Amino acid sequence: MDIFLQTTINGLMIGGVYALVAVGLTLIFGVMGIVNFAQGEFVMLGMYASWMLATYLKVGPYPGLLPVGLIMLAVGYIVFRTLIARVVGKPDEVAILLTLGLSIFLQNVILVIYGADYLTVQTTIKDAALNFAGLSLPLARVVAFVVALIFVGLLSYMLAKTDLGRAMRACAENRNIATLLGINPKFIFTLAFAIGIVMAGLAGVLLTPMFYVYPGIGTLFNLTAFVVVVLGGMGSVPGALLGGLIIGILESLTGTYVALDLAPIGTWLVFLLVLFLRPSGLFGRRVN
Amino acid sequence: MLEIKDLVTGYGDLKVLDGVSLTVEEGETVALVGSNGAGKTTLLQAISGLLPVWSGDITFRGQSLPKLQPHQLPALGIAHIPQGRGILARLSVYDNLMLGGYIAAAKAKRSARMEEMFALFPRLKERREQLAGTLSGGEQQMLAIARALMMYPSFMILDEPSLGLSPLMVETVFKIIADVSQMGVSILIIEQNLVEALHVADRGYVLETGRVVLSGTSAELMGNDKVREAYLGI
């Protein structure tokens with residue numbers, strides 16, 4: 001029982017970070033209909049940014065959230081204006097090719113600059129753990145979970161209660177109508193994309209104390225984020241949150257009870273099951 | 001207030017409007033009538049910048065609209081209610097109204113304005129938290145007009161406001177349009193429902209295959225034999 005509880009909680013913690021990556025992906029998809037196949041690579045960039053801050057400037061992982069967030073905002077802005085803006089409203093395959101290409105490009109740029117070595121950030125938080133009731137909660141995971149949920153919460157609040165969020169939802173539904181209300185869709189798309197990228201980058205920061213940093217790590221989060229988004233319903237923020245937590249727990253349980261190497265199998269099985277039983281996802285809108 | 005001069009535009013290679021000129025003066029309500037395919041909606045899209053102008057010009061209070069970005073028009077005081085009402089179905093009534101007051105000039109007075117709208121349209125207040133897509137056709141038209149009024153417009157464009165509404169609701173909507181006109185808002189209204197349109201309008205233009213074939217005061221148009229024959233069947 002203790003092992004079960006421990007495994008579930010471990011999975012839940014990491015699931016919070018999956019949710020953060022997925023929320024960025026679902027925001028971008030929801031607002032401009034683009035599936036960003038490079039989302040995982042922006043997690044990777046966030047991890048490298050965090051590693052550089054820690055290594056060269058001795059900035060701890062968590063104080064690094066603000067500078068990395070700002071860097072990712074700029075990266076998201078530039079990527080949108082130079083690349084993504086050209087494919088908004090174009091057929092799906094155009095955007096898929098572009099973001100897939102971007103993903104390969106980013107991996108290889110990092111490979112050229114940093115090499116293929118596995119890097120780690122040395123922090124004291126790595127070995128710290130909260131112990132109670134026979135459970136051991138690694139502090140890095142607890143912080144990652146809490147911070148990730150805070151950002152997901154902030155994003156939900158922004159979407160639901162602010163003018164920016166309303167404008168994003170308006171552009172998502174019909175950009176011509178949004179224009180007639182004085183909303184500049186290009187501005188809103190830029191911001192939505194950049195915020196989606198910031199979410200990925202921040203997830204990267206939170207993951208750095210737990211994961212090795214290497215050029216190909218984004219692929220891992222790409223796949224997970226897609227499963228989470230499809231599971232929760234494309235474009236749904238609550239869906240991405242719930243999906244992230246479910247996938248985190250599933251992965252953790254399969255890893256413990258079946259085999260560590262097979263951890264993703266549980267995820268994919270449930271994913272297939274959801275597609276079979278509820279193709280629009282847990283919170284998805286039904287499409288005719 | 002609004003002046004359109006020799007406007008030529010269309011979709012792709014297809015020319016839809018072939019030199020249309022019309023004016024709307026301050027405080028005036030002008031009806032644009034014509035059968036399907038005459039180019040009425042095309043004209044409105046050109047005004048709102050959703051369609052590029054091939055030649056000619058559209059000026060609003062002396063400012064050339066084709067030179068502006070489409071999203072800059074509301075700040076000039078232009079509210080455009082597109083065909084099919086243009087409400088955001090997946091947003092609540094409240095959020096739709098809030099976005100009506102999105103532009104900077106309207107934002108400051110937004111909550112007071114919303115109370116005015118709720119007083120004017122009590123049905124919207126009852127359905128404040130409902131998704132706009134769940135409203136009836138008539139309620140959606142009220143929401144579209146209320147949302148447009150949220151931006152304190154000086155000029156309102158209405159594209160077929162009676163489309164798909166019951167006769168009773170059509171009457172209500174036209175009464176609302178008359179009220180909006182009373183508030184001092186200039187109106188350009190596009191309608192197939194000629195009688196209702198000319199009833200609220202001061203003047204009218206008849207558009208046929210991309211050209212203005214007839215114009216005059218509402219009374220003149222109503223008395224015109226060609227109009228009576230073509231649109232009223234009498």
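**Exercise 1. Work out how much space the second largest pocket holds and what lines it.**

Start with the volume: in this predicted model, the second largest pocket takes up about 640 Å³ of space. Next, look at the lining. It has 23 residues, and those closest to the pocket's centre are A:Tyr18, A:Phe211, A:Glu251, A:Leu260 and A:Ala263. Then ask which elements they come from. Four helices of chain A each give at least two lining residues: H1 (2-32), H9 (217-232), H10 (237-257) and H11 (263-277). Last, sort the lining by character, and you get 11 nonpolar, 10 polar and 2 charged residues.

**Exercise 2. Find how many cavities of 30 Å³ or more the structure holds, and describe the lining of the largest cavity.**

Step one is the count: there are 2 cavities at that cut-off of 30 Å³ or more. Step two is the volume, and the largest cavity has about 70 Å³ of space. Step three is the list of residues around the largest cavity. From chain A you'll find A:Ile177, A:Leu180 and A:Leu181. From chain B, the lining includes B:Ala79, B:His80, B:Ile81, B:Pro82 and B:Gly86, along with B:Ala144, B:Arg147, B:Ala148 and B:Met151. Step four maps these onto elements: helix H7 (175-180) of chain A gives two or more residues, and so do strand S6 (78-81) and helix H7 (137-149) of chain B. By character, the lining splits into 9 nonpolar, 2 polar and 1 charged.

**Exercise 3. Do the same job for the second largest cavity: give its space and its lining.**

Volume again comes up front, at about 40 Å³. Around the second largest cavity sit A:Leu180, B:Ser48, B:Pro70, B:Leu73, B:Pro74, B:Ile78 and B:His80. Two of those names should ring a bell: A:Leu180 and B:His80 also line the largest cavity. On the element side, helix H2 (73-76) and S6 of chain B each supply at least two lining residues. The tally for the second largest cavity is 5 nonpolar, 2 polar and no charged.

**Exercise 4. Characterise the contact between chain B and chain A, from its area down to its residue pairs.**

Begin with who touches whom: 24 residues of chain B contact 18 residues of chain A. Now the area. About 2000 Å² is buried between the two chains, with carbon and sulfur atoms giving 62% of that. On chain B's side, B:His71, B:Arg90 and B:Tyr102 provide 33% of what the chain buries against chain A, more than any other three residues.

Move on to the polar side of things. The two chains share 4 salt bridges. One pair of side chains meeting in a salt bridge is A:Arg169 and B:Asp95, at 2.9 Å from N to O. Across the interface there are also 6 residue pairs in polar contact, counting pairs with both residues at pLDDT 80 or more. Helix H3 (residues 93-100) of chain B gives the largest share of that chain's touching side, with 5 residues. Classify the residues on the chain B side and you land on 14 nonpolar, 5 polar and 5 charged.

**Exercise 5. Count the salt bridges over all chains, then place the one between B:Arg211 and B:Asp18.**

The overall count is 14 salt bridges. For the pair in hand, the closest N and O atoms of B:Arg211 and B:Asp18 are 3.2 Å apart. Now locate the partners: B:Arg211 is in strand S10 (residues 211-217) of chain B, and B:Asp18 is in strand S2 (residues 14-24). They lie 193 residues apart, linking distant parts of the chain.

Conventions. Residues numbered from 1 in each chain as written. Chains lettered and ligands numbered in written order. Heavy atoms only, no water. Contact = heavy atoms within 4.5 Å. Buried area = accessible area lost by both parts, 1.4 Å probe. Polar contact = N/O pair within 3.5 Å; in protein donor to acceptor, adjacent residues only side chain to side chain. Nonpolar A, V, L, I, M, F, W, Y, C, P; charged D, E, K, R; others polar. 1 Å grid on protein atoms, 1.4 Å probe; cavity = no way out; pocket = protein on both sides within 12 Å on 5 of 7 lines; lining within 4 Å. Points joined across faces, edges and corners; volume = space filled by probe spheres on them.
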